[in-house]
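Student: I would like a close look at a single loop in this structure, with the surroundings explained as carefully as possible. Please give the cut-offs of any term as it comes up.

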Amino acid sequence: MSAQALEVVADGTALQARGLRKVFGSGDDATVALDGVDLDIRAGEFVTVVGASGCGKSTLLNIFAGLDAPTSGTVWTATKPALMFQDATLLPWLTAQRNVELALKLRGVPRAQRAERARQLLDVVRLTGWEDKRPHELSGGMRQRVSLARCLAQDTSIVLMDEPLGALDAMTRDHLHDEIESVVQEQNLTVVFVTHNMREAVRLGDRVILMGSRPGRIVYETVIDLPHPRLMDSTGVAERAADLTTRLKAGKAYLEGADS
Amino acid sequence: MSASVLTPNVEKPAPVRSGAGWAPHMWAWIWPKALAILLVLAVWQLVYWSGWRPAYVFPSPIETLSQLGTMVQTERFWSAMGTTVIRAIGGFALALVIGTMIGILVARITPLRLAIGSLITGLQTMPSIAWFPLAILLFGLDEQAILFVVVLGAAPSIANGVISGIDNVPPAFTRLGRVLGAGPVAQYRDIVLPAALPTYVSGLTQGWAFAWRSLMAGELLVIIAEKPSLGAQLEFARQFSQAPTLLATMLVILILGMVVDGLFSSAARSLRRRRGLEVDSS
């Protein structure tokens with residue numbers, strides 16, 4: 001990630017951000033997408049980030065992924081993170097197997113080991129038997145599972161997920177929540193999961209971070225200590241989600257009041 | 001989290017196209033074409049019967065087809081066709097190499113694109129026959145003059161195919177390449193070029209059409225004495241008023257062009273189908 005020297009990072013930290021600011025454009029057209037974002041994520045933590053669209057949460061992930069540089073501030077990550085995109089972004093000319101193999105190839109895994117390793121990873125996401133299908137022959141949920149396997153192929157302990165389930169129907173989404181949770185636990189991953197769905201955030205997160213808009217910044221964060229397994233529609237999740245939604249609205253109202 | 005989350009897979013995959021056997025498929029492919037040919041022959045016969053033009057300048061389909069039958073038994077015809085086909089392949093291959101190289105350079109290098117990007121599109125609109133006087137001045141009535149014009153006709157389309165193919169690679173794919181750690185070479189080899197392939201193949205199809213037209217124009221203008229070609233055969237048939245030979249040769253030129261175009265189209269179609277870009281149409 002960023003080459004700048006940071007203060008000594010405590011053991012067990014997977015990701016640290018300090019004073020992140022991102023400005024798009026310049027002069028009168030300048031938009032402050034992110035301002036004053038500080039974040040510490042422990043190894044093995046599942047952090048969900050919630051906010052309205054345009055609050056800069058995708059920008060934040062892009063900066064974590066190294067796709068975008070912050071205007072100011074620093075980011076440190078324990079390893080180069082993998083990124084799961086909103087629409088899977090599988091290459092349509094490659095089979096599921098080859099899509100996973102490409103990630104192995106690009107990180108220098110010798111050719112002889114790629115096929116076997118990709119098969120193992122597709123097995124982790126329970127897609128054995130679907131290796132030779134092309135993306136258009138797979139369902140939306142299956143595509144996201146291939147995408148998850150491809151993240152695992154990057155051999156990193158940090159996975160950034162940018163609304164990966166936003167385009168799926170409710171049943172498939174619930175199913176993938178279980179899937180992601182079990183893979184994350186098996187592989188001992190650190191996850192930053194961005195969503196605009198508060199219940200999803202509460203359902204998955206060890207910790208939920210609320211982001212306000214214009215400029216994007218962290219308005220509130222809380223630890224979710226509900227027992228697992230959780231269900232999106234359980235009362236516990238629904239109550240926490242309702243409470244957080246109120247807080248997010250309050251944060252936004254506060255900001256809009258300050259604007260006028 | 002507990003082990004109970006290992007739920008079975010309940011998702012349904014997208015329906016996969018089933019192969020319905022090739023024989024009905026072939027028939028569905030053939031009959032519209034057969035019908036079209038029959039219609040053309042019928043109209044031709046009607047015009048012939050109407051006596052619009054005397055038979056020695058406008059022969060009937062039967063006369064033309066029987067002349068075609070005689071023609072294909074002569075060594076001279078095959079030698080003419082050989083010359084034309086070799087010129088087409090040579091010119092197209094050279095245009096392919098040059099067009100692809102220019103296309104990649106222009107797509108990659110911004111100043112180069114500003115300088116000649118619009119020139120390439122402009123060249124595409126230039127009728128290739130307009131190059132011949134210059135080509136003949138430069139190379140004389142020779143093979144090189146034909147080659148020169150064929151390459152100039154086809155290369156801009158091919159270059160444009162490369163450029164628009166590269167331009168239209170979804171930004172998400174290049175972002176993916178960066179997340180996966182692809183360097184500039186790998187980014188091109190594994191992401192950009194494969195993503196640009198369908199557009200490139202359409203560029204090649206168009207390039208072929210231009211190459212074939214340029215070649216025919218060239219063979220009519222640049223007739224080399226000891227070298228029979230399909231174009232030269234047309235010209236001689238006109239000079240000696242051999243109408244059936246003229247029309248039979250035109251048929252050969254039409255069929256050759258269509259066959260090659262069909263090969264390109266079917267390559268493009270199977271490419272698109274494999275990517276799920278075209279569900280089922282043929």
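In which loop of chain A is the place of Glu163(A)?

Tutor: Glu163(A) lies in the loop that links E6 to H5 of chain A, where helices (H or I, at least four residues) and strands (E, at least two) are DSSP runs numbered from the N terminus. Before going further, note that this is a predicted model, in which local features need pLDDT of at least 70 and side-chain atom pairs count only at pLDDT 80 or more, while totals for chains, interfaces and linings use all residues. Residues are numbered from 1 along each chain as its sequence is written, and chains are lettered from A and ligands numbered from 1 in the order in which they are written.

The backbone of Glu163(A) has a positive phi of about 45 degrees, although this residue is not a glycine. As background, most residues other than glycine have a negative phi, and most peptide bonds are trans. Glu163(A) is also buried, because 20 other C-beta atoms lie within 10 Å; a residue is called buried if 20 or more other C-beta atoms lie within 10 Å of its own, exposed if 12 or fewer, and partly exposed in between, with C-beta atoms placed from the backbone.

On one side of this loop is strand E6 (residues 158-162) of chain A, which pairs in the parallel sense with strand E7 (residues 190-195) of chain A over five bridges; strands count as paired if DSSP finds at least two bridges between them. Within that pair, Met161(A) stands opposite Phe193(A) of E7(A). Both strands belong to an open, six-stranded sheet of chain A with the order E5-E6-E7-E3-E8-E9 and mixed pairing. Strand E5 (82-84) and strand E9 (217-223) of chain A are the edges of this sheet, and each has a single partner strand, so one side of each is left without a neighbour there. From one strand to the next the twist averages 20 degrees, where axes are lines fitted to C-alpha atoms, for helices over the stretch in contact, and angles run from 0 to 180 degrees between N-to-C directions.

On the other side of the loop comes helix H5, which takes part in a domain boundary. Chain A is divided into domain 1 (43-69 + 157-260) and domain 2 (91-155), with bounds that come from an automatic or database domain assignment. The centres of domain 1 and domain 2 of chain A, taken over C-alpha atoms, are 26 Å apart. Across the boundary, 12 residues of domain 1 of chain A are in contact with 10 residues of domain 2 of chain A, contact meaning that the C-beta atoms of two residues, placed from the backbone, lie within 7 Å. Helix H5 (residues 170-187) of chain A supplies the largest share of the side of domain 1 that touches domain 2, namely seven residues. That side of domain 1 of chain A divides into eight nonpolar residues, three polar and one charged, where Ala, Val, Leu, Ile, Met, Phe, Trp, Tyr, Cys and Pro count as nonpolar, Asp, Glu, Lys and Arg as charged, and the others, Gly among them, as polar.

Glu163(A) can be set beside other backbone details of the model. Helix H1 (residues 57-65) of chain A has nine of its nine residues buried, so it is largely enclosed by the rest of the structure; among them are Lys57(A), Asn62(A) and Phe64(A). Just after H1(A), Gly66(A) takes a positive phi of about 85 degrees. The peptide bond from His228(A) to Pro229(A) is cis, with omega near -5 degrees, and Pro229(A) is in the loop between E9 and helix H7 (235-259) of chain A.

Chain B offers a second non-glycine residue with a positive phi, Ser241(B), at a value near 50 degrees. Ser241(B) also sits in a loop, between helix H9 (230-239) and helix H10 (243-274) of chain B. Whereas Glu163(A) is buried, Ser241(B) is exposed, because it has 10 other C-beta atoms within 10 Å. The surrounding chain B has 10 helices and zero strands, and buried residues make up 31% of its 282 residues.
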